[in-house]
Amino acid sequence: MRTGPTITSYLCDLLKRAIHCIIKVIKERCNQILRNMEASLTARDRVGIQDFVLLDTYTSESAFLDNLRKRFHENLIYTYIGTLLVSVNPYKELDIYSKKQMDTYMGVNFFELPPHIYALADNVFRSMQSEFNNHFILISGESGAGKTEASKKILQFYAVSCPSTKLLNNVRDRLLLSNPVLEAFGNAKTLKNDNSSRFGKYMDIQFDHQGGAVGGHILSYLLEKSRVVHQNHGERNFHIFYQLVEGGEEDLLRWLGLERNCQRYRYLVQGDCAKVRSINDKSDWNTVQKALSVIEFGESDIEHLFGIIASVLHLGNIKFEADVRGYASLNNNQEMHWLLGIPTQVLQQGLTHRKIEAKTEEVFSPFSVDHAVYARDALAKAIYGRTFNWLVNKINESLVNKDSSRKTVIGLLDIYGFEVFNVNSFEQFCINYCNEKLQQLFIQLTLKSEQEEYEMEGIEWEPVPFFNNKIICDLVEEKHRGIISLLDEECLRPGEATDLTFLEKMEEKISGHPHFVTHKLADQKTRKTLERGDFRLLHYAGEVTYCVVGFLDKNNDLLYRNGKEKLIRTSFNNLHNYYKQTTDTYISVTPQVVTQFKSSLVSLTEILMSKEPWYVRCIKPNEAKQPGRFDDVLVRHQMKYLGLMEHLRVRRAGFAYRRKYEIFLQRYKPLCPETWPNWKGTAAEGVQCLIKHLGYKPNEYKMGRTKIFIRHPSTLFATEDAFQV
Ligand code: ATP
Ligand code: MG
C-alpha cells in the first residue's frame with residue numbers, strides 16, 4: 001500500500017526550499033556587496049584619493065604625482081592636503097561652477113563633498129564669521145597655472161553666497177567689476193598665458209558682522225611697465241591698448257586721433273601678434289566700459305584715462321633723426337598735439353633735450369638719437385605706471401566703506417609665481433625674490449609655527465625636517481651686504497657704475513655665500529659653467545641664472561627731470577593732481593625700484609602675518625595650454641617649489657585642527673548639560689567635561705596648555721553636526 005508524504009517530510013521539504021531560497025538571496029546580496037565594493041575600489045583606484053593626508057605612502061613623490069594625475073584625467077582638478085587646496089588647470093571649461101554647485105557647497109563641512117574651491121571659500125567665510133577674525137587666501141603657482149581664475153571663482157562665490165541688500169549689491173558689483181578693469185590694464189598675452197597678470201594683486205574684502213560684503217581695498221605690486229614699450233615675439237602689450245583700437249567708438253577714436261588699426265602703432269606690434277584667437281578685444285572693450293561706469297568713473301575720468309592711453313600710443317610713434325651735429329631732432333610732429341595735452345613746444349624740447357639746472361640758470365643739453373628714444377620710452381612707461389596706480393586708487397575710492405563699525409576681512413593674494421626663462425633679468429630677480437618672501441611666510445606660518453606651537457603647548461612632536469629659505473632671503477635683502485643693497489649702492493654712482501661693476505661688487509662681497517654663484521666658482525658650486533656677465537642664485541625652488549645686463553638701468557627707472565615736469569603739465573586734470581603728488585615725492589627722495597618693492601613686500605608680510613592663512617596651490621599640467629595633457633616632469637617640478645610634499649609631511653605628522661579652549665567651549669557648550677549655559681570652572685576644564693560628554697576617544701585629541709588639538713577632521717565634523725542638529 002502506497003502511503004502519501006507525511007506532514008514531517010512535507011515540512012522538511014518546505015524548510016529545505018526556504019533555506020535554499022534564503023541562501024540564494026544571501027548569495028545574491030553578497031555578490032551585490034562584492035560588486036559594489038569592487039566598483040568602489042576600482043572607482044577609488046580610478047579617481048584617486050581626495051585628500052593627500054589619507055595617502056598610504058604619503059612620503060612618496062611618485063604616489064603623490066600618481067594621485068594627482070589619476071584625478072586630473074577624471075576631471076577632478078581639486079585635491080586637498082588637509083585644508084590646503086591643490087588645483088590643476090584643466091585648460092577646458094568644466095561644469096562645476098554653477099549656482100547649483102555653489103549652493104551645494106554652502107555650509108557643508110570640508111570632507112563631505114568632493115574637494116572644490118567653493119568648499120575652501122565657504123570654510124574661510126564660516127571661520128571668519130564664527131571667530132570674528134581676519135583671514136587670507138594665498139593663491140600661488142607659476143604663470144598660467146590658474147591663480148587669477150581661482151581668485152575670481154572665490155570672489156564670485158562670495159558675491160552669490162553673502163547676504164544681499166541693495167546697498168550690499170552695489171559693493172558686490174564693484175568688487176566683481178574691478179576685475180575686468182584691472183585685467184584690461186594689468187594683464188597681457190604672454191607666451192605662457194593669453195591672459196597673464198603682469199602685476200601682483202592683494203585684495204581685501206571687508207564683511208560686516210552679519211557676513212555682508214561691505215567694502216574692499218586693493219594693493220598692486222610691481223607692474224611690468226617695460227611691456228608698454230617692448231614685447232617679445234609672440235607677446236602683446238597690455239590688453240587695454242588693443243581693446244581701445246579695436247572696440248573704441250568711431251567718435252572717440254577720431255577725438256583721440258587714432259586709427260582702427262593696431263599695425264599703425266609701434267608699441268603694439270613688436271611681438272607680431274596683435275590678434276589672438278582666444279581674445280575678443282571688441283567685446284572686452286564693452287565689458288570694461290560697463291565696469292568703469294559701475295565703479296563710478298565719471299565721463300571726464302574716462303575721457304582723460306583714454307586720452308592718456310592714446311598719448312602713449314602716439315608717443316611710441318614719434319621718431320627721431322640725427323641733425324647735422326648728430327643730435328636728436330623730431331622728423332615727425334604730426335601727432336604731437338595729442339600727447340598728454342602738453343603744449344607741443346614743451347614736449348618737443350622735452351623729448352630732445354635734457355634740462356640741467358645750474359645755480360642761476362637752466363641749461364638744455366641736447367640728446368643723441370639713442371638717448372632721445374630712451375627718454376621717450378621712459379616717459380611712456382612712467383605715464384602708464386602712474387595711470388595704473390591712479391586707476392587702482394580710483395577703484396579703492398569706490399570700494400571704501402566709511403562706516404566705522406568693526407569689520408572682518410578676507411584677503412585674496414594673487415601674485416606671480418616663480419619664473420625661470422632662458423634669459424632671466426631684473427624682473428625675474430624681483431619676482432623670484434617675492435616668491436622667496438612668500439615661501440618664508442609660509443614656513444613661518446605653517447611649518448615653523450606649527451612645530452613651535454606644539455612645543456609651546458607641551459604636546460609631543462616629532463620634528464619634521466624642512467629647508468628654511470631664510471638664508472636666501474637674507475642674501476637678497478640683508479642691509480649693507482645683501483644683493484639689493486649692493487645694487488642700490490651702485491645706482492648711486494652715476495657715470496661710474498655699470499652692470500659689470502655691480503657684478504664685481506657682488507663677487508667681492510658675497511661670493512662665499514652658499515646660494516650665490518658667479519662664473520669663477522660656478523664649476524665648483526653647481527657643476528655648471530656660467531657666462532662672465534651672469535650670476536646664479538640657488539633659490540629654494542631651484543637654480544636661476546640671471547643676466548646682469550640692464551639691472552642698474554631698470555632699478556633706477558630713470559625719468560629725466562623735464563620728463564617729470566611734462567607729467568605735471570598734462571592738461572588731463574583728473575590725473576594731473578595725482579601725477580603731481582607722486583612726482584613730488586619721486587623727485588625729492590627716489591628710492592630705487594627694488595627697494596620700493598622690498599618695502600611693499602615687508603608691509604604685505606605684516607598684513608598677512610596678522611591674519612589666518614589658507615592656501616590654494618595652482619599647478620600647470622603642460623606647457624602647451626592643452627586639455628587632457630599631464631606632463632609628469634613639469635608637475636613634479638611644481639610640486640617641489642610649491643612645497644607640497646613638505647606641507648603634507650607636516651599635516652600628516654600633526655593634528656588637523658586646534659582651537660583655544662575659550663573659543664571651543666563658547667561654540668560647543670550647548671552640547672553638554674554641564675557646560676550649558678554657564679560653565680563655572682576654567683575653559684580647559686569645561687572643554688574636558690564637554691568632550692567627555694561627547695565621547696571623544698583618548699587618541700583622537702590632545703589637551704595643550706591653552707588649546708585643544710584634534711587629530712582628524714572627522715571628529716570635529718561629528719561634533720559640528722551634533723551642534724547643527
Ligand atoms: P599668470 O601668473 O600668468 O597671471 P595665472 O596663474 O593667473 O597666470 P590664469 O590666468 O588664472 O593663470 O589661467 C590661465 C588660463 O587657464 C585661463 O585663461 C583659462 O583659460 C585656464 N584656466 C585656469 N583655471 C581654469 C579653470 N579652473 N577652469 C578652466 N580653465 C581654467
Ligand atoms: Mg594671473
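Me: Which residues are the protein donors of the magnesium ion (ligand 2)?
Reply: This is a predicted model, in which local features need pLDDT of at least 70 and side-chain atom pairs count only at pLDDT 80 or more, while totals for chains, interfaces and linings use all residues. Residues are numbered from 1 along each chain as its sequence is written, chains are lettered from A and ligands numbered from 1 in the order in which they are written, and side-chain values use heavy atoms, with hydrogens and water left out. Donors are N, O and S atoms within 2.8 Å of the metal (3.2 Å for Na, K and Ca), and sites may look incomplete because water is not among the atoms. Lying 2.0 to 2.1 Å from the ion, the protein donors are Thr148 (OG1) and Ser197 (OG).

Me: How many residues apart are Thr148 and Ser197?
Reply: Helices (H or I, at least four residues) and strands (E, at least two) are DSSP runs numbered from the N terminus. Thr148 belongs to helix α5 and Ser197 to strand β5, so named by that numbering, and the pair links distant parts of the chain, its members being 49 residues apart.

Me: Are Thr148 and Ser197 buried or exposed?
Reply: Buried means under 20% relative accessible area, exposed over 50%, and partly exposed in between (1.4 Å probe, protein chains only). By this rule, both Thr148 and Ser197 are buried.

Me: Which strands stand at the edges of the open sheet?
Reply: Two strands pair if DSSP finds at least two bridges between them. Here 7 strands form an open sheet with mixed pairing, in the order β1-β2-β16-β3-β12-β6-β7. Each edge strand has a single partner, so one side of each is left without a neighbour in the sheet, and these strands are β1 and β7.

Me: Which residue in β16 is the bridge partner of Val86?
Reply: Strands β2 (residues 84-88) and β16 (residues 612-619) run parallel and are joined by 4 bridges. In β16, the partner of Val86 is Arg617.

Me: What is the relative accessibility of Tyr91?
Reply: Tyr91 sits in the loop between β2 and α3, and its phi is positive, about 50°, although it is not a glycine. Most residues other than glycine have a negative phi. Tyr91 counts as partly exposed because its relative accessibility is 21%.

Me: What is the omega of the cis peptide bond that joins Trp676 and Pro677?
Reply: Pro677 is found in the loop between α25 and α26. Most peptide bonds are trans. The bond between Trp676 and Pro677, however, is cis, with an omega of about -5°.
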